[in-house]
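Please consider the model shown below with attention to its internal and open spaces. The account that follows proceeds from the enclosed space to the pockets, and then to a single residue.

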Amino acid sequence: MARLAGKVALVTGGALGMGFATAYVFGQQGAKVVIADRDEAAGQKAVSRIMEETGAETLFVNLDVASEEAWQAGIAAVSDRFGRLDVLVNNAGVYMSGTTESTSLEVWEKTFAVNVRGVFLGSKTSIPLMRKSGGGSIINICSNWGIVAFPDAAAYVASKGAVRLLTKATASEVAQDNIRVNSVHPSLTATDMTRGVLEDSEATKKLLGPSLLGRPAKAEEIANAVLFLASSDSSFMTGSELVVDGGYTAV
């Protein structure tokens, strides 16, 4: 039986990369899928592909995750179309390098607007509809750099550290509503966004750091971990960190 049969799942940043891989596997597993993204052309393309290849009913919502009004409109669209929401994947994020000293206030605030405010607003606006649906699963895409630091990534590391603890705070607030909240911590993952980095062997080696497996993750490998948290297979997990980093934080 499909692991998400009858469920409605929203994935932010779902048009490309890990977000698309997650939305796609959700469709394969029987979910009705909502792709939320600012890139409408890529989003509509993703919708068409998921519908054609998995048969899943799929909706695109144009969403700026840093905007409360956009979130309210997006969740209203989900409610109008499907009448429920069972899974939220807060995947959208940005990365800009810089040390604490060299990072501009503009970069700091943009990073936190997307990576932290986006997760906060997504959870805040989704919880009431999940509660009406009888419960659900919120999955926040964090990072191995939300557990350990990395030089020249001060804003990103700080934002992912914030997401890590926001996950636990939210989990503690909604457990009684049968809503589980967990975080996923991937390391370097091969996507369109990282293609340029992966073409540079020295940059790749630096980013892989102490990874025991010595390679980037495939987007599908992260998506399968997210699927586990979205499904009833993880029914006794909340406030947890699922680390999928090839052993980066193990040593």
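**Cavity, pockets and a buried threonine**

In this predicted model, the lining of the largest cavity is formed by Thr12, Val65, Asn90, Asn91, Ala92, Val114, Gly118 and Val119. The space enclosed there amounts to about 40 Å³, and the structure contains one cavity of 30 Å³ or more. Helix 4, which spans residues 105-133, contributes the largest share of this lining, namely three residues. In terms of residue class, the lining of the largest cavity comprises four nonpolar and four polar residues, with no charged residues.

The open spaces may be taken next. The largest pocket holds about 1,200 Å³ of space. Its lining consists of 42 residues, and those nearest the centre of the pocket are Met18, Gly93, Val94, Tyr95 and Met193. Two or more lining residues come from each of helix 1 (17-28), strand 2 (32-37), helix 4, helix 5 (154-174) and helix 7 (201-208). Helix 4 thus appears in the lining of the largest pocket as well as in that of the largest cavity. By class, the lining of the largest pocket is made up of 21 nonpolar, twelve polar and nine charged residues; charged residues are absent from the lining of the largest cavity.

The second largest pocket has a volume of about 370 Å³. It is lined by 19 residues, among which Leu16, Gly17, Phe20, Ala21 and Arg49 lie closest to its centre. At least two lining residues are supplied by each of helix 1, helix 2 (40-54) and helix 8 (219-230). Of these elements, helix 1 gives the most, with six residues. The lining of the second largest pocket divides into eleven nonpolar, four polar and four charged residues.

Helix 1 supplies residues to the lining of the largest pocket and to that of the second largest pocket, and a residue within this helix merits separate attention. Threonine 22 lies in helix 1. Is this threonine 22 buried or exposed? Threonine 22 counts as buried because its relative accessible area is 3%, whereas the cut-off for burial is under 20%. Beyond its neighbours within four places in sequence, threonine 22 is in contact with Val11, Val89, Ala223 and Val226. A polar atom of the threonine 22 side chain lies 2.9 Å from the backbone oxygen of methionine 18. Methionine 18 is itself one of the residues nearest the centre of the largest pocket.

Definitions and conventions: Residues numbered from 1 in each chain as written. Predicted model: local features only at pLDDT ≥ 70, side-chain atom pairs only at ≥ 80, totals over all residues. Heavy atoms only, no water. 1 Å grid on protein atoms, 1.4 Å probe; cavity = no way out; pocket = protein on both sides within 12 Å on 5 of 7 lines; lining within 4 Å. Points joined across faces, edges and corners; volume = space filled by probe spheres on them. Helix = DSSP H or I, 4+ residues; strand = E, 2+ residues; numbered from the N terminus. Nonpolar A, V, L, I, M, F, W, Y, C, P; charged D, E, K, R; others polar. Buried < 20%, exposed > 50% of the residue type's maximum accessible area, 1.4 Å probe, protein only. Polar contact = N/O pair within 3.5 Å; in protein donor to acceptor, adjacent residues only side chain to side chain. Contact = heavy atoms within 4.5 Å.
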